[in-house]
Amino acid sequence: DLVQSALETLLRPAVPLQEDAVYATLDHAFPQGPDPRISICILSGLAKRKALDMTLYALSWHQLNEYDLDCSHYNAVVHACAKTGTWRRALWLMNVMAQSKVELNLITFSAAISACEKGGEWEKALLLIDKMVQSKAELDTIIFSAAISACEKGGK
């Protein structure tokens with residue numbers, strides 16, 4: 001299967017691949033350019049394995065190939081940020097999404113709040129909830145649980 005093969009190639013080295021090596025691997029896997037379904041699977045697979053740098057390289061490869069990224073692509077990368085607690089990168093990606101006119105949805109906010117929680121940034125988590133309220137986004141128990149957890153971890 002193409003997804004499994006690409007993931008194995010990307011994750012095989014003892015030392016994580018650098019940007020050019022990730023690009024070369026993806027060029028080889030997709031000689032005709034990105035495939036939407038497979039692209040999301042690869043980004044999600046890298047995110048699940050906490051390979052944030054490679055997930056970001058893969059996202060950037062898609063951008064360089066002028067692929068129209070949607071919310072699912074970005075959410076996979078924000079999820080990688082949540083897995084690794086890199087809240088600054090998650091918030092940066094949300095800004096990139098907004099600038100690119102890509103919808104921020106419940107999954108985006110949930111993953112970003114989780115990144116803030118893991119990073120001990122309870123204030124940022126609450127600011128994201130405020131942003132959701134202002135944009136009239138739907139709030140759910142997962143969002144509130146992540147924010148409460150962020151506050152607990154921050155001693156608040």
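**How α3 and two helix pairs pack**

In this predicted model, α1 and α3 are oblique to each other, since they pack at an angle of about 40° and an angle counts as oblique when it is neither under 35 degrees, over 145, nor in the 65 to 115 range. Their axes sit 10 Å apart, and α1 passes α3 in a right-handed crossing. On the α1 side, the contact uses Leu2, Val3, Ala6, Leu7, Leu10 and Leu11; these meet Ile38, Cys41, Ile42, Gly45 and Leu46 of α3. Sorted by class, that contact comes out as ten nonpolar residues, one polar and no charged.

As for α3 itself, the helix covers residues 36-48, 13 residues in all. From first C-alpha to last it reaches 18 Å, close to the 18 Å expected at 1.5 Å a residue. Its buried residues are Ile38, Ser39, Ile42, Leu43, Gly45, Leu46 and Ala47. The cover over them includes α1 (2-11) and α2 (19-29), along with α4 (52-64) and α5 (71-84). Just past the end of α3, Lys50 takes a positive phi of about 60°.

Further along the chain, α8 (residues 122-134) and α9 (residues 141-153) pack at about 155°, with axes 8 Å apart. That angle makes α8 roughly antiparallel to α9, and the crossing of the two is left-handed. Trp122, Ala125, Leu126, Ile129 and Met132 of α8 make the contact with Ile143, Phe144, Ala147, Ala150 and Cys151 of α9. Here the tally is ten nonpolar residues, with no polar and no charged ones.

Notes: Residues are numbered from 1 along each chain as its sequence is written. This is a predicted model: local features need pLDDT of at least 70, side-chain atom pairs count only at pLDDT 80 or more; totals for chains, interfaces and linings use all residues. Side-chain values use heavy atoms; hydrogens and water are left out. Helices (H or I, at least four residues) and strands (E, at least two) are DSSP runs, numbered from the N terminus. The expected span of a helix is 1.5 Å times one less than its number of residues. Buried means under 20% relative accessible area, exposed over 50%, partly exposed in between (1.4 Å probe, protein chains only). Contact means heavy atoms within 4.5 Å. Axes are lines fitted to C-alpha atoms, for helices over the stretch in contact, and angles run from 0 to 180 degrees between N-to-C directions. A crossing is left-handed if the near helix is turned anticlockwise from the far one by less than a right angle, and right-handed if clockwise. Ala, Val, Leu, Ile, Met, Phe, Trp, Tyr, Cys and Pro count as nonpolar, Asp, Glu, Lys and Arg as charged, and the others, Gly among them, as polar.
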